[in-house]
Amino acid sequence: KSRLHTKTFGQKLVYKEEVTSTQEEAHKLAGKNEPEGTVVAADKQLQGRGRLDRPWVSASGTGLWFSIILRPDIRPQNAPQLTLLAAVAVTEGIANASGLQPRIKWPNDILLNEKKTAGILTEMQSDPDRVQAVIIGIGLNINHDKDHFPPELQSKATSLALENNGTAFHRADITASVLRSLEYWYGTYLTGGFGAVRRRWEELADTIGNHVRAVSRFKTVEGYAEGITDDGVLLIKQKDGTIEKIYSADID
Ligand code: BTN
């Protein structure tokens with residue numbers, strides 16, 4: 001019996017033992033009119049990609065690496081909303097299947113005990129004024145033990161099992177739960193807009209209401225994280241009272 005309680009998301013699943021990156025595979029399919037909801041999943045990625053051109057550790061047997069194709073009828077500048085939507089869905093999906101309570105770090109890091117246990121990479125295929133496809137890549141660190149991460153990541157990365165006294169989870173259960181909540185939130189977004197997603201994101205995110213430092217290649221902005229705008233931009237109120245909009249950065 002299928003564990004997947006979704007209408008469309010993941011009902012077509014392209015599973016591969018090993019790929020370069022599930023993002024590449026999903027991009028290829030999306031370029032060939034693959035419908036919304038198709039998922040490309042892999043046990044191992046040779047070149048898993050993270051945000052800001054970083055590599056994503058994607059060894060075999062430990063996590064689940066997948067990309068889903070969406071085709072929302074939105075303008076390209078609204079695509080960041082889907083990144084935040086995915087963060088809400090992954091957080092709730094993990095919570096529902098595991099009982100653990102992850103938190104979000106802006107824009108879309110999923111943390112347990114302040115260490116990263118899942119990451120989201122949103123990319124799109126787009127015309128100047130309309131989105132053709134959004135490819136949401138989700139990496140779930142599920143059954144890693146400590147030695148799986150390189151030394152420089154050990155204080156920053158974790159897995160569900162590590163935060164569950166070493167007890168492993170069924171990867172398919174976690175993935176099915178994430179797809180279910182992704183389908184739920186996407187439906188809410190298409191019918192009711194970004195408002196509900198944004199409110200839930202702000203509840204689940206530790207960033208908001210705290211003093212933060214946003215570090216990007218161009219500058220560092222420090223101040224009080226007030227909230228996010230309707231297009232998913234982070235607002236930081238600086239000491240002098242000015243409000244800075246952060247589009248892309250790392251938060252300390
Ligand atoms: C990040 O936090 O930097 C984003 C990590 C995203 C990793 C996932 S794993 C599945 C998909 N394929 C990739 O190459 N990357 C994403």
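This report describes the domains, selected helices, one sheet and the ligand shell of a predicted model.

**Domain arrangement**

The domain assignment divides the chain into domain 1 (13-204) and domain 2 (211-251). Taken over C-alpha atoms, the centres of domain 1 and domain 2 lie 24 Å apart. Domain 1 contributes 13 residues to the contact, and domain 2 contributes seven residues. On the side of domain 1 that touches domain 2, H2 and H4 are the elements that give two or more residues. The largest share of that side, four residues, is supplied by H2. By class, the side of domain 1 that touches domain 2 consists of six nonpolar, four polar and three charged residues.

**Ligand shell**

The ligand is surrounded by 21 residues, of which the closest are Ser21, Gly50, Gly119, Gly137 and Gly139. Two or more residues of this shell come from each of helix H1 (22-31), S3, strand S6 (115-126) and S7. The table sets the class composition of the ligand shell beside that of the domain 1 side of the domain contact.

| Set of residues | Nonpolar | Polar | Charged |
|---|---|---|---|
| Shell around the ligand | six residues | eleven residues | four residues |
| Side of domain 1 that touches domain 2 | six residues | four residues | three residues |

**Helix H1**

Helix H1 (22-31) is one of the elements that contribute to the ligand shell. Within H1, the buried residues are Thr22, Gln23, Glu25, Ala26, His27 and Ala30. These buried residues pack against strand S1 (13-19), strand S2 (39-45), S3, S6 and S7. Just after H1, Asn33 adopts a positive phi of about 65°.

**Helix H3**

Helix H3 comprises 22 residues, 171-192, and spans 31 Å from its first C-alpha to its last, close to the 32 Å expected at 1.5 Å a residue. The buried residues of H3 include the charged positions Arg180 and Glu183. Also buried in H3 are Ile174, Thr175, Ser177, Val178, Leu179, Ser181, Leu182, Trp185, Tyr186 and Tyr189. Their cover includes strand S3 (63-70), helix H2 (79-98), strand S7 (131-141) and helix H4 (195-204). Of these covering elements, H2 and H4 also give two or more residues to the side of domain 1 that touches domain 2. After H3 comes Gly193, which has a positive phi near 85°.

**Ala79 in helix H2**

Ala79 belongs to helix H2. Is this residue buried, partly exposed or exposed? Ala79 has 19 C-beta neighbours inside 10 Å, and a residue is buried only from 20 upwards, so Ala79 counts as partly exposed. Apart from neighbours within four places in sequence, the contacts of Ala79 are Ile74, Thr122, Met124, Val131 and Val134. Among these partners, Thr122 and Met124 fall within the residue range of S6, and Val131 and Val134 fall within that of S7. The C-alpha atoms of Ala79 and Leu204 are 20 Å apart, with a separation of 125 residues along the chain.

**The five-stranded sheet**

Five strands form an open sheet in the order S11-S10-S9-S8-S12, and the pairing is antiparallel. Strand S11 (243-246) and strand S12 (250-251) are the edge strands, each pairing on one side only. S12 is joined to strand S8 (residues 211-215) by two bridges in the antiparallel sense. Ala214 is placed opposite Ile251 of S12.

Note on methods:
Residues numbered from 1 in each chain as written. Predicted model: local features only at pLDDT ≥ 70, side-chain atom pairs only at ≥ 80, totals over all residues. Expected span 1.5 Å × (residues − 1). Buried ≥ 20, exposed ≤ 12 C-beta atoms within 10 Å, placed from the backbone. Contact = placed C-beta atoms within 7 Å. Pairing = 2+ DSSP bridges. Domains from an automatic or database assignment. Near = placed C-beta within 6 Å.
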